[in-house]
Amino acid sequence: MTSATQPEAGGAALRVACLLGPTASGKTAAALAYAEQAAARGRTVEIVSVDSALVYREMDIGTAKPDAAERAAVVHHLIDIVDPADAYSAANFRADALRVTNEIVARGNVPLLVGGTMLYYKALTQGLNDLPGADPAVRAQLDAEAARDGWPALHARLAAIDPPTAARLAPNDSQRIQRALEIFLLAGQPMSVLLAAPPTREDDAARYRFVPIALEPSDRAVLHARIAARFDTMLAHGFLDEVRALRARGDLTPDLPSMRCVGYRQAWEYLDGEIDYDTMRDKGVFATRQLCKRQLTWLRAMPERVLIDCCAGDATAQAVHAVAQVAG
């Protein structure tokens, strides 16, 4: 079997397994089980996180970050690399993931990509469209206009200049409305037009053939039950204290991408006194279920994926076997 650290015959791209799936589908357990199995055969696995929440420091409980023992057992990359006050984009991820994968392969080890941020995976495997970066001045201008007129008014403005983008956004989706208007103001073209343009890919990505292995539920109710149980476990293990500590820093706001992560925005609302505890819990679970739905939509648009039923009793063993078929 060809390994991920050796070229295939004829100089073809190196195969790299990517263990993808929605929240609570068992990705971490499968990744660690594969790493343990590989170690028994004398191979060292290094995990590259594909998760937009795990990049942030000081956000451990609410992101279900691998614990100290798990990170001691297997080297993890792209975790705890960004302060919650700072931004991190799909372009940042793509550059970092390619760099880290190159380094792992150079060490003779096996890279295993693991996560559920499908936009990151798409950026890595398909390249990036030529979208302008964030502009603090433009964002401040849009925030001021939203404070005066409301986000539904800005959504109406977006509908006039970029109907396809506006059609898929809720009138109060401040983060995405702001980004779409920012792109139009900076680029002079609607975001939908720019996204339809062929993406660019750096040469480095051509070194690899990223193979998606998807953990998906045959019964979504099973996953929903896991999501609720996990959110309750987070609350029992001090999630609200984690958010209190973040708020106490004084430099974070609920509009930052870090604080808009699922669970954190609901906890922030509760600590602000806007909602009660039970509502916070229910809204957090519902938001996680919505995230799961979006993740599954992305996955099902990948016909090339290797599909594993995460509800099966032997799902972990199946995932380990599938990864081994790719990475050796």
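This report describes helix packing, nonpolar cores and a few individual residues in a predicted model.

**Helix pairs**

Two packed helices are described by the angle between their axes and the distance between the axes. The table sets out three such pairs.

| Helix pair | Angle between axes | Distance between axes |
|---|---|---|
| α3 (residues 90-106) and α4 (residues 118-126) | about 60° | 9 Å |
| α11 (residues 239-248) and α12 | about 75° | 10 Å |
| α12 (residues 264-271) and α13 (residues 277-300) | about 165° | 9 Å |

Helices α12 and α13 pack at an angle of about 165°, which makes α12 roughly antiparallel to α13. In this pair α12 passes α13 in a right-handed crossing, and the contact brings Q266, A267, E269 and Y270 of α12 against Y277, M280, K283, G284 and A287 of α13. Sorted by class, the residues of the contact between α12 and α13 comprise 5 nonpolar, 2 polar and 2 charged.

Helix α12 also packs against α11, at an angle of about 75°, and the two helices are therefore roughly perpendicular to each other. On the α11 side the contact is formed by F239, L240, E242, V243, R244, L246 and R247, while α12 contributes Y264, A267, W268, Y270 and L271. The contact of α11 with α12 holds 9 nonpolar and 3 charged residues, with no polar ones. A267 and Y270 take part in this contact with α11, and A267 and Y270 are also listed in the contact of α12 with α13.

The remaining pair in the table, α3 and α4, packs at about 60°, so that α3 and α4 are oblique to each other. Their crossing is right-handed, and A90, F93, R94, A97 and L98 of α3 meet L119, Y120, A123 and L124 of α4. By class, the contact of α3 with α4 has 8 nonpolar residues, no polar residues and 1 charged residue.

**Nonpolar cores**

The largest nonpolar core has 81 residues, and within this core L19, Y34 and F210 touch the most other members. When residues up to four places away in sequence are not counted, F210 touches V16, C18, L98, L113, Y121, L124, T125 and A205. Among these partners of F210 are L98 and L124, which also appear in the contact of α3 with α4. There is also a second, separate core of 14 residues, including A146, A166, A180 and I183.

**A buried residue in helix α1**

A30 is placed in helix α1 (residues 27-40), and A30 counts as buried because its relative accessible area is 2%. Leaving aside neighbours within four places in sequence, A30 is in contact with L19, T316, A319 and V320. One of these partners, V320, lies 290 residues from A30 along the chain, yet the C-alpha atoms of A30 and V320 are separated by 6.0 Å. Another partner of A30 is L19, and L19 is one of the residues that touch the most other members of the largest nonpolar core.

**Two residues with positive phi**

Most residues other than glycine have a negative phi. In the loop between β1 (14-20) and α1, A24 has a phi near 70°, a positive value. D80, which lies in the loop between β3 (75-77) and α3, likewise has a positive phi, near 60°. As for their exposure, A24 is buried, with a relative accessible area of 13%, whereas D80 counts as partly exposed at 24% relative accessibility.

Technical notes:
Residues are numbered from 1 along each chain as its sequence is written. This is a predicted model: local features need pLDDT of at least 70, side-chain atom pairs count only at pLDDT 80 or more; totals for chains, interfaces and linings use all residues. Side-chain values use heavy atoms; hydrogens and water are left out. Axes are lines fitted to C-alpha atoms, for helices over the stretch in contact, and angles run from 0 to 180 degrees between N-to-C directions. Helices (H or I, at least four residues) and strands (E, at least two) are DSSP runs, numbered from the N terminus. Angles under 35 degrees count as roughly parallel, over 145 as roughly antiparallel, 65 to 115 as roughly perpendicular and the rest as oblique. A crossing is left-handed if the near helix is turned anticlockwise from the far one by less than a right angle, and right-handed if clockwise. Contact means heavy atoms within 4.5 Å. Ala, Val, Leu, Ile, Met, Phe, Trp, Tyr, Cys and Pro count as nonpolar, Asp, Glu, Lys and Arg as charged, and the others, Gly among them, as polar. A nonpolar core is a set of buried Ala, Val, Leu, Ile, Met, Phe, Trp, Tyr and Cys residues joined through side-chain atoms within 4.5 Å. Buried means under 20% relative accessible area, exposed over 50%, partly exposed in between (1.4 Å probe, protein chains only).
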